[in-house]
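I sat down with this structure and kept a few notes as I went. Here they are, in the order I looked things up.

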Amino acid sequence: MTRSGTAARASHLLARATAGVPDDRYPVTHIADLAAREARFGDWPEWVPSAVLDAFVSSGVEKPWSHQVEAASAAWTRRNVVVATGTSSGKSLAYQLPVLSTLATDSKATALYLSPTKALSGDQLRSVCDMNVAGVRPARYDGDTPQSERGWVRDHARWVFSNPDMLHRGLLPAHPRWARFFRGLSYVVVDECHGYRGVFGSHVALLLRRLRRIARRYGADPVFVLASATTADPAEFATRLIGDDCVAVTDDGSPHGARTVALWEPPLLDELTGENDAPVRRSAGAEAARILAELVIEGARTLAFVRSRRGAELTALAAKRILAEVAPELADKVAAYRAGYLPEERREVEAALLGGELLGVATTNALELGVDISGLDAVVLAGYPGTLASFWQQSGRAGRAGEDALVVFVARDDPLDTYLAHHPKALLDRPVEAAVLDPANPYVLAPHLACAAAESALTTPELDDFGGDAAKAVLDSLVADSLLRRRPSGWYWTARDRPHGDVDIRGSGAEQIAVVESDTSRLLGTVDGASACGTVHPGAVYLHRGESYVVDELDLEQGIAFVHAEDPEWSTSARDVVDIEVLDVSEKLVYDGVTVNLGHVAVTSRVVGYLRRLHTGEVLDHVPLDLPEQVLHTRAVWYTIDDQLLCGQGREPGGTGVEPARVPGALHAAEHAAIGLLPLFATCDRWDIGGVSTAVHADTGEATVFVHDGHPGGAGFADRGFAAFVPWLTATREAVISCECPAGCPSCVQSPKCGNGNEPLDKAGAVAVLDLVLAAVGAATGPAHDHTHDQAADGSTGRT
Ligand SMILES: Nc1ncnc2c1ncn2[C@@H]1O[C@H](COP(=O)(O)OP(=O)(O)OP(=O)(O)O)[C@@H](O)[C@H]1O
């Protein structure tokens with residue numbers, strides 16, 4: 001391939017990474033050149049006071065970029081605004097400018113900054129402190145703030161740096177003590193807001209509604225300024241998140257160097273096999289280690305993003321081993337980015353990489369957010385990071401003005417990664433996926449309404465912010481449960497203790513199981529009750545902040561899982577048997593022989609054992625377990641296929657169709673692949689969703705494939721699957737046919753968490769099923785759209 005002069009360095013690096021690989025094993029499936037982008041500047045707005053302007057100029061910013069001015073001006077004119085631009089595009093300045101200008105000119109004004117992690121808010125606080133604008137008094141208020149300092153922050157700080165957890169547990173319940181702060185509240189900054197998705201996003205959306213309500217009680221009406229990685233339709237997402245109109249700024253005026261992106265699929269291994277003797281590929285982490293070592297030899301400053309902390313350690317170690325053999329003097333130039341990242345440690349790594357003392361760092365996504373590392377020579381991504389937003393965020397760390405850089409995406413052994421390695425447009429040319437959240441989920445809404453009522457009685461006009469009639473229905477049930485009391489003036493919390501402590505905003509709204517270290521009685525964390533049998537069953541390897549534990553006992557009655565510290569060579573994945581019952585159909589599209597549905601379901605599952613798998617992908621064994629049934633009420637998308645269409649009866653000879661005996665395996669394989677691909681359309685992980693397929697389902701009476709949300713009440717993922725049904729199944733089909741394995745492997749139709757041990761699976765059958773469904777859906781012109789709410793699907797109550 002001839003490459004342009006600007007990409008010469010990246011080409012050279014790629015050639016180095018692939019040197020010596022035989023032609024028939026050449027792993028690069030696609031190469032794309034992304035052009036450099038020139039800076040576009042704006043003028044400092046005239047409303048910026050000179051003290052603030054001087055502070056920015058002395059911090060090294062001569063002139064703002066165009067998008068910074070656009071966003072800051074929107075906020076200054078009291079419009080809620082979301083800045084959704086690329087990595088290192090200076091989003092911080094976009095909110096610092098209006099906030100600092102207001103704080104500098106109005107001595108009563110205050111502001112709140114929220115970030116998903118303590119580390120990030122620490123970094124942002126430091127940057128505001130460094131600017132040293134008189135009278136601003138920035139301070140952090142989070143779990144690490146000593147009691148002795150908290151009173152000062154409440155009484156005097158004007159810009160408080162915190163996180164949603166502290167807002168929920170610390171600020172809102174104690175609002176009378178924060179009266180000064182709420183009275184002056186002019187801005188709420190929501191940083192990295194694209195992270196607030198799924199159930200966590202729904203919690204934060206309700207939390208921000210609670211915040212606005214309390215601020216209004218004190219006569220304040222803050223402007224929300226949000227910073228986001230590039231996402232599809234940021235205005236709509238931000239509006240949903242804050243519950244109020246929000247404009248978006250997306251036209252990025254910051255400069256960026258040219259990048260060459262290579263998509264890389266590790267070869268199938270001859271010497272290893274996985275479950276049911278399926279072929280496996282070399283692990284993405286091992287491949288990344290090799291690439292990292294080659295790039296370090298070339299003197300390229302490289303970050304390798306690996307999905308797990310253990311994976312990051314192993315990748316760094318493997319790269320060091322390779323270097324120790326071929327270039328021992330370079331072995332010390334590679335490090336893993338360790339867990340527990342203190343801000344000082346992060347800065348050390350940043351400085352060492354930028355200064356050249358380190359050339360290669362293998363890291364988890366800990367270095368994705370809130371680090372000032374850019375302008376690297378290369379970034380290697382070992383596995384798709386889950387969202388396009390993260391992909392661009394991570395790959396954006398490579399490339400500086402005037403120099404080109406290399407990005408290598410190494411596919412993992414998984415259908416989504418396979419699909420992307422063979423469909424570069426889906427990775428490189430697609431708009432970033434929409435972040436989904438659902439503040440109407442009653443499992444999430446109920447605890448927040450209880451908290452809101454406990455903070456201050458809820459009145460009828462305030463319900464509009466919380467979903468109107470849906471909120472009213474939830475309040476009625478809270479009154480029926482005697483948690484709230486209805487009086488003419490509003491809804492009141494009745495108990496002495498506040499409800500806040502029982503609400504885990506990072507959980508699913510269901511009951512929680514405490515994970516406790518037996519030796520020390522230390523509470524490590526909590527897991528959702530609904531998923532506990534799958535995640536903390538006896539024998540499960542449980543990761544907490546990068547440390548590994550093994551579960552000794554799961555006591556569901558007491559709600560405790562007892563664990564001990566241990567770092568075995570294997571990971572575990574639970575196997576369960578699942579039944580699904582349709583509770584209601586809220587949307588239904590009817591085609592010739594196929595229906596596509598969205599609605600509520602009850603998923604009954606029982607964990608029957610778990611697999612122990614080495615990090616190479618090799619399966620050690622299956623350990624049986626005997627655990628009770630769990631029932632999950634959630635949302636699902638499902639399609640049905642009538643027998644005639646599915647088995648090709650009544651069609652011409654040679655027509656499409658699947659032999660009846662192959663139907664279960666075909667549907668099962670189609671279901672697995674669809675679960676693998678949904679994260680491309682809804683910002684979820686394959687572990688956030690589940691599926692069931694059956695040749696005849698009792699509720700639908702037909703062959704049916706369900707994909708359901710994994711959280712009580714749903715998190716919006718099934719809804720996205722329904723909305724994007726055709727592109728989703730099209731991508732699913734493509735992923736299956738792109739994989740060169742003969743009969744199904746982890747890259748296409750095997751699932752790492754299949755309850756049936758990945759049997760039966762029929763790869764060719766899955767393609768036939770997907771072809772049939774897509775043809776039926778595509779062929780129909782103007783499908784009958786049956787909009788039924790809260791009705792049983794067909795009156796049947798049976799289950800398969
Ligand atoms: N107008 C500007 N001119 C020059 N440098 C700037 C300008 N604005 C910001 N910077 C610098 O760009 C770097 C990145 O800024 P910042 O961390 O705010 O970006 P970001 O968009 O928040 O990054 P991330 O993608 O990591 O969230 C910082 O070093 C900052 O000082």
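**Entry 1: a covered strand.** Before anything else I fixed one term: a residue is buried if 20 or more other C-beta atoms lie within 10 Å of its own, exposed if 12 or fewer, and partly exposed in between, with C-beta atoms placed from the backbone. I also noted that helices (H or I, at least four residues) and strands (E, at least two) are DSSP runs, numbered from the N terminus. The model is a predicted one, so I kept in mind that local features need pLDDT of at least 70 and side-chain atom pairs count only at pLDDT 80 or more, while totals for chains, interfaces and linings use all residues. Residue numbers start from 1 along each chain as its sequence is written.

With that settled, I went to strand E29 (residues 703-709), where 7 of its 7 residues are buried. Which strands pair with E29? Strands count as paired if DSSP finds at least two bridges between them. I found strand E27 (residues 630-641) joined to E29 by 6 bridges, running antiparallel. Strand E28 (residues 689-694) also pairs with E29 in the antiparallel sense, over 6 bridges. For single partners, I noted Ile 641 with Ala 703 of E29, and Ser 693 with Val 705 of E29.

**Entry 2: the whole chain.** I stepped back and read that the chain holds 24 helices and 30 strands. Of its 800 residues, 53% are buried. A contact means two residues whose C-beta atoms, placed from the backbone, lie within 7 Å. Among contacts with a separation of 6 or more, 73% are between residues 24 or more positions apart.

**Entry 3: the cores.** A nonpolar core here is a set of buried Ala, Val, Leu, Ile, Met, Phe, Trp, Tyr and Cys residues joined through C-beta atoms within 7 Å. The largest one has 222 residues, and Leu 292, Val 380, Leu 449 and Leu 678 have the most contacts inside it. I picked Val 380 and listed what it touches, leaving out residues up to four places away in sequence: Ala 288, Ile 291, Leu 292, Thr 302, Ala 304, Val 408 and Val 410. A second, separate core has 19 residues, including Val 536, Ala 540, Tyr 542 and Leu 554.

**Entry 4: around the ligand.** A residue is near a molecule if its C-beta atom, placed from the backbone, lies within 6 Å of it. I found 13 residues around the ligand, with Thr 87, Ser 88, Gly 90, Lys 91 and Ser 92 coming nearest. Helix H4 (residues 91-105) gives the most to this shell, with 3 residues. The shell divides into 4 nonpolar, 7 polar and 2 charged residues. For this sorting, Ala, Val, Leu, Ile, Met, Phe, Trp, Tyr, Cys and Pro count as nonpolar, Asp, Glu, Lys and Arg as charged, and the others, Gly among them, as polar.

**Entry 5: two sides of a helix.** In helix H2 (residues 50-58), I saw that Val 52, Ala 55 and Phe 56 are buried. Why are they on the same side of H2? They cover an arc of only 95° around the axis, the arc being that of the directions from the helix axis to the C-beta atoms. On the other side of H2, Ser 50, Val 57 and Ser 58 are exposed. The cover over the buried residues of H2 includes H4 and helix H5 (118-131). Just after H2, Gly 60 takes a positive phi of about 105°.

I then looked at Ala 51, also in H2. Ala 51 counts as partly exposed, with 17 C-beta neighbours inside 10 Å. Leaving out residues up to four places away in sequence, Ala 51 touches Ala 104, Val 133 and Ala 134. Ala 51 and Val 133 are 82 residues apart along the chain, and their C-alpha atoms are separated by 6.6 Å.

**Entry 6: positive phi away from glycine.** Asn 132 is not a glycine, yet it has a positive phi of about 55°. I placed Asn 132 in the loop between H5 and strand E4 (138-140). Is Asn 132 buried or exposed? Asn 132 is exposed, with 12 other C-beta atoms within 10 Å. Glu 192 also has a positive phi, near 50°, and is found in the loop between strand E6 (185-190) and H9. Glu 192 is buried, with 21 other C-beta atoms within 10 Å.
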